[in-house]
Amino acid sequence: MSKEILQRLDQLSQAALASGDLLPVQAQEELMHDQGLTFFVRWVSTLAAKDAASVSIPGGPRDPNFNPFLPPAPALTVADASPTHNIVLNKFAVCDLHLVLADKVFSEQLSPLRDIDFQVLADFLALQGGLGFYNGGGPAGASQRHKHTQWVPPAESNGSLALYLDELPAQAPVGSVHRHPALVFEHCFVRLLETQDPTALSSSLLSAYQLACKELGLVTDEQGLLPPHNMLAGQGWLLVVPRSVELVDGISVNALSYAGCIYVRTPEQIERVRQIGPLAVLAQAAYASTRQA
């Protein structure tokens, strides 16, 4: 992904904030520690606005007949950035330059991620770092059926797989499968090729994703759709977590939750996460593990 496109994204963000097409992010957060892992538990104003939109606007974000990506809002979209995907600033962002990478034509969100999906993610990950992620289906936190992945830039308080690195082997061979000892739910880490070549990284991402799905028993049904799951990629690793439910005691869990950022809808839910425990929240939204780490 060229520096020119990043500059265009920054300019687009500033213009959209000024016009009101993009909502500013205001947050209240607390750090929580659980079995050696650090979590940001964060209320952000944009999620409250998203919930309000789903109630007050016909065809809001949870309306299955509403598709904000076909076409995406011009004020939030980088023109001609990719032949296959629209690169869109997330209107309900959780951080600056939170991007949605959406197919230019409709396909189901729960159809398996493809080479073209990883190509557009790899453009950002190879040259900019950060975290690429995917909410596969409603129980995994997706609010839209139209296939899309997302990306957030590297920042100390943004979601990242870095919180797991102490217990993952730094010299693991590319393509090797690992599990983290603190995670008592079904999951699979696969070591990625560390490279600044987007083409090579895209191939590694696709192979790792397919391997993780195989390891976890995620297979397509008669409609060609996978069971709900989250995919996260960054810091030299890909993580897949099969999902059972979206909500744990009213707390929405999505891919970023498994990257150390649990976003809540109200400030009061911060205390509820503390009472349950961050790892217990993640476990209750997934499936109990039957394997050794």
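## Exercises on a predicted model

Aspartate 249 is partly exposed, with a relative accessible area of 47%. Buried means under 20% relative accessible area, exposed over 50%, and partly exposed in between (1.4 Å probe, protein chains only).

This is a predicted model: local features need pLDDT of at least 70, side-chain atom pairs count only at pLDDT 80 or more, and totals for chains, interfaces and linings use all residues. Residues are numbered from 1 along each chain as its sequence is written, and side-chain values use heavy atoms, with hydrogens and water left out.

**Exercise 1. Place aspartate 249 in the chain and describe its phi.**

Step 1. Find the loop between strand E12 (247–248) and strand E13 (251–252); aspartate 249 lies there. Helices (H or I, at least four residues) and strands (E, at least two) are DSSP runs, numbered from the N terminus.

Step 2. Check the backbone. Aspartate 249 is not a glycine, yet its phi is positive, about 50°.

**Exercise 2. Describe the surroundings of strand E7.**

Step 1. Start with burial. E7 covers residues 148–152, and 5 of its 5 residues are buried.

Step 2. Take the faces in turn. His148, Gln150 and Val152 lie on one side. Thr149 and Trp151 lie on the other. Both faces are covered.

Step 3. Look for partners. Two strands pair if DSSP finds at least two bridges between them. Strand E5 (residues 99–103) runs antiparallel to E7, with 4 bridges joining them. Strand E6 (residues 131–136) is also antiparallel to E7, over 3 bridges.

Step 4. Match residues. Leucine 101 has threonine 149 of E7 as its bridge partner. Valine 152 in E7 stands opposite leucine 131.

**Exercise 3. Is serine 204 buried or exposed, and what does it touch?**

Step 1. Locate serine 204: it is in helix H4 (residues 198–216).

Step 2. Read the accessible area. Serine 204 has a relative value of 11%, so it is buried.

Step 3. List its contacts (heavy atoms within 4.5 Å). Leaving out residues up to four places away in sequence, serine 204 touches Val174, Leu192 and Leu193.

Step 4. Add the backbone link. The serine 204 side chain reaches the backbone nitrogen of leucine 193 at 2.9 Å.

**Exercise 4. Describe the backbone at proline 71 and at leucine 97.**

Step 1. Go to the loop between helix H2 (45–56) and strand E3 (77–78), where proline 71 lies. The peptide bond from leucine 70 to proline 71 is cis, with omega near -5°.

Step 2. Move to the loop between strand E4 (85–89) and E5, which holds leucine 97. Leucine 97 is not a glycine, but its phi is positive, about 55°.

Note on methods. Polar contact = N/O pair within 3.5 Å; in protein donor to acceptor, adjacent residues only side chain to side chain.
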